[in-house]
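Hi,

Here is the model I promised to pass on. Have a look at it first, and my notes are underneath.

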Amino acid sequence: MLLALLGAGIPALVGAALHTDVGEPYQETRLYFGTERPDGRPAVGEREFMGFLDREITPAFPEGLTVQDGHGQWRGRNGAIVREVSYEVVLLYPEKEADERGMRVERIRRAYEERFQQDSVGRSDDQVTAEF
């Protein structure tokens with residue numbers, strides 16, 4: 001049937017769209033870590049960030065996570081656009097654990113802000129379904 005639909009010029013459904021009943025309710029949290037420091041010191045390097053990941057994030061989310069390199073920008077208090085290397089960390093955890101896991105996320109954010117003199121660590125949350 002799928003081949004017949006493709007042959008008729010109708011786009012095929014892929015991935016999760018074919019399996020709407022697959023997966024459990026999960027929370028997806030994305031954290032955005034900037035690397036520029038306000039005091040003029042060199043930016044947070046990859047080795048420093050990976051050390052932070054090993055000490056703070058992995059113990060809080062030992063079942064797994066995703067780290068992506070990024071290039072971010074934001075408007076500073078003086079109105080200037082600041083561009084910087086950044087890291088995005090994606091965390092998935094069961095929706096039923098969202099309150100407790102959310103506290104872990106907040107501890108991670110505070111630790112990074114304090115350790116690397118950051119104004120903030122961005123956070124976004126979304127409800128998804130996931131299966132592993």
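Let me start with F33, since so much of what I looked at runs through this residue. Leaving out residues up to four places away in sequence, F33 touches F49, F52, I57, V85, S86, Y87, V89, I108, Y112 and V121. F33 lies in strand β1, and with a relative accessibility of 0% the residue counts as buried, because the cut-off for that is under 20%. Along the chain F33 and S120 are 87 residues apart, yet their C-alpha atoms are 8.2 Å apart in space. Do keep in mind that this is a predicted model.

One of those partners, S86, is worth a click too. S86 sits in strand β3 and is buried as well, at 14% relative accessibility. Apart from neighbours within four places in sequence, S86 is in contact with F33, G34, T35, Q68, D69, G70, H71 and G72.

The overall picture

The chain has 3 helices and 4 strands, and from the N terminus on the elements run α-β-α-β-β-α-β. Of the 132 residues in the chain, 30% are buried. If you take the contacts between residues at least 6 apart in sequence, 70% of them join residues at least 24 apart.

The core

Which residues have the most contacts inside the largest nonpolar core? They are L31, F33, F52, I57, L91, I108 and Y112, in a core of 20 residues. The elements giving two or more residues to this core are β1, α2, β3 and α3. As you know, nonpolar side chains in soluble globular proteins tend to be buried together.

I108 makes a good second viewpoint on that core. This residue belongs to helix α3 and is buried, with a relative accessible area of 2%. Not counting residues up to four places away in sequence, I108 touches L31, F33, F52, E56, I57, A60 and F61. For the pair I108 and E56, 52 residues apart along the chain, the C-alpha separation is 6.4 Å.

Helix α3 and what follows

I did a quick sanity check on the geometry of α3. The helix takes in 18 residues (residues 98-115), so at 1.5 Å a residue it should span 26 Å; the end C-alpha atoms are 25 Å apart, which agrees. Its buried residues are A98, R101, G102, V105, I108, R109, A111 and Y112, and what covers them includes β1, α2 (46-60), β3 and β4 (122-130). Two arginines, R101 and R109, are in that buried list, in case you want to look at them.

What is the phi of Q117, the residue I would look at after the helix? It is positive, near 50°, in a residue other than glycine. Most residues other than glycine have a negative phi. Q117 lies in the loop between α3 and β4 and counts as partly exposed, at 29% relative accessibility.

The pocket

The largest pocket has a volume of about 390 Å³. Of the 18 residues lining this pocket, the closest to its centre are G34, W74, E84, Q118 and S120. Strands β1 (24-34), β2 (66-75) and β3 (81-94) are the elements that give two or more residues to the lining. Split by class, the lining has 6 nonpolar, 8 polar and 4 charged residues. Two names here will be familiar from above: G34 is among the contacts of S86, and S120 is the residue paired with F33 in the C-alpha distance.

One more spot

Last on my list is T66 in strand β2. Is T66 buried, exposed or partly exposed? At 39% relative accessibility T66 counts as partly exposed, because that value falls between the 20% and 50% cut-offs. Setting aside residues up to four places away in sequence, T66 touches E88, V89 and V90. The C-alpha atoms of T66 and E88 are separated by 8.0 Å, with their positions 22 residues apart along the chain counted as the sequence distance. V89 also turns up among the contacts of F33.

Shout if anything in here is unclear.

Cheers

Definitions and conventions:
Residues numbered from 1 in each chain as written. Predicted model: local features only at pLDDT ≥ 70, side-chain atom pairs only at ≥ 80, totals over all residues. Heavy atoms only, no water. 1 Å grid on protein atoms, 1.4 Å probe; cavity = no way out; pocket = protein on both sides within 12 Å on 5 of 7 lines; lining within 4 Å. Points joined across faces, edges and corners; volume = space filled by probe spheres on them. Nonpolar A, V, L, I, M, F, W, Y, C, P; charged D, E, K, R; others polar. Expected span 1.5 Å × (residues − 1). Buried < 20%, exposed > 50% of the residue type's maximum accessible area, 1.4 Å probe, protein only. Contact = heavy atoms within 4.5 Å. Core = buried A, V, L, I, M, F, W, Y, C linked by side-chain atoms within 4.5 Å.
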